[in-house]
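Welcome to a short tour of a protein chain. Have a look at the picture below, and then we will walk through some of its parts together.

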Amino acid sequence: QTPSSTPTPPENHLLRSHIPKGSCVLDLSSKNLGIEPAMMQKSSFFGAAALGNVLRIGASRVARGSVRSVHHSNNMQGPEGAARLDASATTRPSVAASPGGKHADGNGWNVRALRKTSHGVEVLWDNEERSLFHFEWLYRNRPDVFFTCGQNMQRPTDRLKDVSSISAALGADGETLRMRWNDSSPESSFKLVWLRQCSYSDSWLSKLETARAPVAVKSRKSPEISVVDYDAVMNSDEGVKLWMEHVNRDGLCLLRGVPLVSGTVTRVAERIGPVMATIYGSEFDVQAVERPINVAYSKEGLDLHQDLAYYESPPALQHLHCLRFDKGVVGGESTFTDAFHCAELLRARDPKAFDTLCRVPATFQKIHYDRPDPVHLSFKRPHISVNHQGAVVSVFWAPPFEGPLQVPEDDVEEYFRAYHALAELIEAEEQQAETRLQTRLEPGLLVTFNNRRMLHGRSKFSEQSTGSRHLQGCYTSMEVYVNRLRVLQNRALEPSLRSPGIPIARVGNQDFS
């Protein structure tokens with residue numbers, strides 16, 4: 001596959017009905033938004049800043065408008081090629097909310113009724129969904145107990161002892177829930193839009209699950225690797241946000257027009273944050289050498305794998321900048337497969353194998369003493385992890401870095417049966433059309449991919465006397481990556497809505513949310 005010359009910006013399938021003021025919406029079906037089709041023109045992508053002008057949703061206000069997508073054509077680019085957003089909107093007058101009142105919105109962000117129960121406050125939203133907020137939950141999340149830096153200043157021993165005299169009412173503005181406690185604590189005021197975001201009802205958790213589920217590039221109608229201009233990333237935070245949202249949506253993204261200068265890969269990665277130093281240093285060169293400290297530094301082919309799976313927290317992002325790839329080089333194409341997609345295929349086709357790989361820990365290791373800085377690292381964990389709702393939250397697959405299995409005897413044979421079932425999905429030729437992306441990097445291209453989600457490899461290559469292949473790479477840690485992405489997406493929100501903020505697709509860090 002060759003990179004798309006006119007990439008499709010992220011459709012943002014992440015939010016569906018989760019739309020606080022300023023949010024980034026990735027799937028704009030009118031059904032999901034609770035907005036009549038005639039009132040909204042469907043858009044493939046728009047970000048937090050743009051949507052703040054298009055959909056202003058509080059407990060009693062909805063704004064509607066039309067949004068034009070981000071494009072990479074010349075007429076939609078700002079200075080230095082940075083992609084920009086263009087939006088127009090009209091605001092509908094606010095609708096007052098009152099207990100038991102009828103609202104035309106039906107979007108699930110306005111309150112139809114409140115009811116105090118023996119356990120807490122039950123909210124009936126205007127789309128007929130219900131959310132129960134337990135008294136203890138509300139008490140521990142009172143806005144006034146949070147310090148200005150965001151820390152909760154309550155003691156862990158603080159608790160409600162008697163809930164019989166607690167009162168709850170809708171605020172006069174129709175946008176807040178007001179709570180009176182039975183102790184010396186002051187009255188608390190909760191924004192309804194914040195409560196909606198933090199709801200833990202079955203229906204809301206189901207929506208969040210749908211919002212966070214990764215969607216493989218190969219499952220789309222146009223399975224192309226997205227491309228963003230280098231200048232856009234280096235000259236604007238909006239370019240960085242676009243780049244990172246592509247990586248979050250697809251698992252990978254290409255930058256084009258990257259200068260053929262050593263060290264540029266680090267300068268690009270630093271637009272996200274500090275690079276992650278590893279046993280290979282802060283920056284590394286991928287080129288064939290004698291006595292390599294890694295097979296990647298040879299001409300051999302590499303089966304699909306993740307890097308540094310023997311780390312407790314492997315790198316999130318890997319950046320590879322193509323400095324040289326001469327036409328005389330035969331082979332050396334880069335391959336990628338979405339590990340989450342493969343795990344879901346295994347679950348559908350062989351549930352027992354899936355369960356085994358969720359339960360039995362593999363051994364990941366790097367033990368190499370014959371190198372300038374000896375390495376002895378080992379880490380045991382299952383290949384697949386799921387959260388409390390059964391959603392895949394991480395996949396670890398690194399055959400070149402697997403050591404002896406040490407598990408109860410009864411698990412050994414079933415483990416290897418399950419292991420080979422997943423291996424067939426990842427490597428078998430008949431599966432490649434369904435799961436694999438392949439591209440030949442060219443000088444000036446830089447690929448960024450989520451190492452915790454996308455398996456990567458390459459075909460074996462040969463270099464003629466006048467030909468050479470040279471990539472330069474570095475890593476970004478999970479915390480640096482997620483922090484930068486979420487700050488860029490959420491800083492346009494009102495401060496009170498930044499927690500929990502806009503959900504992102506799962507990144508493979510074992511986060512249970």
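Let us begin where two helices meet: helix 10 (residues 351-359) packs against helix 11 (residues 409-427) at an angle of about 115°, and their axes lie 9 Å apart. That angle makes helix 10 roughly perpendicular to helix 11. Please keep in mind that you are looking at a predicted model. Two packed helices are described by the angle between their axes and the distance between the axes.

**Helix 10 against helix 11**

- The crossing of these two helices, 10 and 11, is left-handed.
- On the helix 10 side, the residues that take part are Lys352, Ala353, Thr356, Leu357 and Arg359.
- Their partners in helix 11 are Asp411, Glu414, Tyr415, Arg417, Ala418, Tyr419, Ala421 and Leu422.
- Sorted by class, the contact of helix 10 with helix 11 contains 7 nonpolar residues, 1 polar residue and 5 charged residues.

**Helix 9 against helix 11**

- Helix 11 also packs with helix 9 (residues 339-349), here at an angle of about 125° and with the axes 10 Å apart.
- This angle makes helix 9 oblique to helix 11, because angles from 65 to 115 degrees count as roughly perpendicular.
- Helix 9 passes helix 11 in a right-handed crossing.
- Cys342, Leu345, Leu346 and Arg349 come from helix 9, and they meet Ala421, Leu422, Leu425 and Ile426 of helix 11.
- The contact of helix 9 with helix 11 has 7 nonpolar residues, no polar ones and 1 charged residue.

**A buried threonine in helix 12**

- Thr435 belongs to helix 12, which covers residues 429-435.
- Is Thr435 buried or exposed? Its relative accessible area is 2%, so Thr435 is buried, since buried means under 20%.
- Leaving aside residues up to four places away in sequence, Thr435 touches Lys218, Phe336, Thr337, Asp338, His341, Cys342, Leu345 and Leu425.
- Two of these names may look familiar: Cys342 and Leu345 are among the helix 9 residues that meet helix 11.

**A sheet of three strands**

- An open sheet is formed by 3 strands in the order 6-7-8, with antiparallel pairing.
- At its edges are strand 6 (167-170) and strand 8 (188-191), each of which pairs on one side only.
- From one strand to the next, the twist averages 20°.
- Strand 6 pairs with strand 7 (residues 176-180) in the antiparallel sense, over 4 bridges.
- Which residue of strand 7 is the bridge partner of Ala169? The partner is Arg178.

**Backbone details worth finding**

- Glu128 has a phi near 75°, a positive value in a residue other than glycine.
- You can find Glu128 in the loop between strand 4 (120-125) and strand 5 (130-134).
- Leu308 is not a glycine either, yet its phi is positive, at about 60°.
- Leu308 sits in the loop between strand 12 (302-305) and strand 13 (317-325), and this leucine is buried, with a relative accessible area of 2%.
- The peptide bond from Ser499 to Pro500 is cis, with omega near 5°.
- Pro500 itself lies in the segment after helix 13 (478-490).

**The whole chain**

- How many helices and strands does the chain have? There are 13 helices and 24 strands.
- The chain has 513 residues, and 54% of them count as buried.
- Taking contacts between residues at least 6 apart in sequence, 70% join residues that are at least 24 apart.

Terms used. Residues numbered from 1 in each chain as written. Predicted model: local features only at pLDDT ≥ 70, side-chain atom pairs only at ≥ 80, totals over all residues. Heavy atoms only, no water. Pairing = 2+ DSSP bridges. Axes fitted to C-alpha atoms, helices over the stretch in contact; angles between N-to-C directions. Buried < 20%, exposed > 50% of the residue type's maximum accessible area, 1.4 Å probe, protein only. Contact = heavy atoms within 4.5 Å. Parallel < 35°, antiparallel > 145°, perpendicular 65-115°, else oblique. Left-handed = near helix turned anticlockwise from the far one by under 90°. Nonpolar A, V, L, I, M, F, W, Y, C, P; charged D, E, K, R; others polar.
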